[in-house]
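Please find below my notes on this entry, set out as numbered points. They begin with the ligand site and then turn to individual backbone features.

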Amino acid sequence: MTTQPSTESTAFRSAIEVVRGVEPRIAEAIGAEVEDQRSSLKLIASENYASPATLLAMGNWFSDKYAEGTIGRRFYAGCKNVDTVESVAAEHARELFGARHAYVQPHSGIDANLVAFWAVLAARVESPALERAGARQVNDLSEDDWAALRRDLGNQRMLGMSLDAGGHLTHGFRPNISGKMFEQRSYGTDPATGLLDYAAVRAAAREFRPLILIAGYSAYPRLVNFATMREIADEVGATLMVDMAHFAGLVAGKVLTGDFDPVPHAQIVTTTTHKSLRGPRGGMVLCDDSLADQVDRGCPMVLGGPLPHVMAAKAVALAEARQPAFRDYARQVVENAHALAEGLSRRGGTLVTGGTDNHLALIDVSGYGLTGRQAEAALLDAGIVTNRNAIPRDPNGAWYTSGIRVGTPALTTRGVDTDGMDEVADLIHTVLSATTPGTAKNGKPSKAAYTLADGVAEQVRARSADLLAKHPLYPSVDLG
Ligand SMILES: *Cc1c(COP(=O)(O)O)cnc(C)c1O
């Protein structure tokens, strides 16, 4: 007896078949990717699995449309349907996060940050050139004014979390343009507790007097008190910007509320949409009225034409995030991270700050005698996908590192619960305990080489396959 394939199965099967007719290797790669995702234990804290509706909303004719400008004010004709898409996405974003204004065009998290930096600079920097032009419109400036404005905008200061404490490259660090736009100073964590040291942030802010105080992180396992950060920003006349790229899903799901919800406290908030928020790959800016006009100049100031097909998918994902089920999801993400951290500690693992309050944990693998690079590779051999990450004051630097970052947004989407996370902790501990550092070809100790004891990878892969089989990824999608 044959059963009808689900609507979703039919949609994805048909799409792949149409692609196969033109370039079979890409059809193969698409099929292989979903297989890989289904069969690997994904603990990368910044990844997730978007819903079929979100994925399907991206593959259509909106991709063909140019729509530079903003809703109702486009530089191109024929943008009525794009206006609908962008309005719906922005409305969902405002309602979901309780924001005054939402700008859903940024193509990625980095782009959202660039839009925000420009908006703060343009709104806040007191420039005689801007005043002479009598306008906030850079287009109105003469050549001389423009040259003066460039000088005035230069040399601004940004205070952000240090990279090894979990901050992000876009928060004023050299390999990113933010480090070239801003003079940067970092705040870090207390060496004894590993927790964000607000007194040190305040002291640094008083001394450095930044234009932008930026909060947010990619690898900090605890909560940040944004009310306190705003107090510090106000005290020194800085704009508080929060980059919630990693934890937007926990804000959307109302796990982070009150002092821990950045939206009521920061003048401007940026995010990705594809991490814990579980939407399409992209970015977004939320802000209060004072910055809305500047933020809306993101395209063409910083961004190319918007990606209307991705904005359509953002609207779908944001609509999903407004459902009660998303709150259950966000709560489970945090409970799962807690269970994973507990499980690792109980087995003798060391965690930075001793645990977690959010969706991620940072394992200090030096306790296993390994570098992050060795641990990451051994775990991957056993089918466990993580990433190495520096820990505060990391003796192995940012390349080899001493940490492994693990996060629960993806496995929670599959339906893995706290018991499942305890099994995951056991799998991780089993691999790391069975791994020993190797030597380089010249016989010297190596920070990259390692040996995983015979049979462990196979045994862990089998156990993880059992766990994943209980929680199939995209159960409604059968590619046949
Ligand atoms: C991931 C991340 C970004 C960058 O997002 P992309 O979409 O990769 O550009 C920016 N800031 C923080 C804090 C992040 O974690």
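1. The coordinates belong to a predicted model, and the ligand in it sits in the second largest pocket. The residues around this ligand are S108, G109, I110, H168, Y217, S218, D243, A245, H246, T272, H274 and K275. By residue class, the shell around the ligand divides into 3 nonpolar, 7 polar and 2 charged residues.

2. Three side chains of that shell deserve a look for their polar atoms. In K275, an N or O atom of the side chain is 2.8 Å from an oxygen atom of the ligand. An oxygen atom of the ligand also lies 3.3 Å from a polar side-chain atom of S108, while for H168 the partner is a nitrogen atom of the ligand, with a polar side-chain atom at 3.4 Å. As for cover, the ligand taken alone exposes 380 Å², and the protein buries 85% of that.

3. Which peptide bond is cis? The bond that joins C299 and P300 is cis, with omega at about 10°. Anyone checking this bond should note that P300 lies in helix α13, which comprises residues 298–301.

4. R209 is not a glycine, and yet its phi is positive, at about 45°. The residue belongs to the loop between α9 (198–208) and β7 (212–215). Is R209 buried or exposed? Its relative accessibility is 43%, and because buried means under 20% and exposed means over 50%, R209 counts as partly exposed.

5. K254 also calls for a comment on its backbone, since this residue, other than glycine, has a positive phi near 60°. K254 is found in the loop between α11 (248–252) and β9 (268–272). With a relative accessible area of 33%, K254 is partly exposed.

6. The last point concerns T54, which is found in helix α3, a helix of residues 52–58. T54 counts as buried because its relative accessibility is 0%, the cut-off for that class being under 20%. As a distance to check in the viewer, the C-alpha atoms of T54 and I26 are separated by 21 Å, and the two residues are 28 residues apart along the chain.

Definitions and conventions. Residues are numbered from 1 along each chain as its sequence is written. This is a predicted model: local features need pLDDT of at least 70, side-chain atom pairs count only at pLDDT 80 or more; totals for chains, interfaces and linings use all residues. Side-chain values use heavy atoms; hydrogens and water are left out. A residue is near a molecule or strand if one of its heavy atoms lies within 4 Å of it. A polar contact is a pair of N or O atoms within 3.5 Å; within protein, one must be able to donate a hydrogen and the other to accept it, and residues adjacent in sequence count only if both atoms are side-chain atoms. Accessible areas come from the Shrake-Rupley method with a 1.4 Å probe; for residues, only the protein chains shown count as cover. On a 1 Å grid over the protein atoms alone, a cavity is a set of points where a 1.4 Å probe fits but cannot get out, and a pocket is an open set with protein on both sides within 12 Å along at least five of seven lines; lining residues have an atom within 4 Å of a point. A molecule sits in a cavity or pocket if more than half of its atoms lie within 2 Å of its grid points. Ala, Val, Leu, Ile, Met, Phe, Trp, Tyr, Cys and Pro count as nonpolar, Asp, Glu, Lys and Arg as charged, and the others, Gly among them, as polar. Helices (H or I, at least four residues) and strands (E, at least two) are DSSP runs, numbered from the N terminus. Buried means under 20% relative accessible area, exposed over 50%, partly exposed in between (1.4 Å probe, protein chains only).
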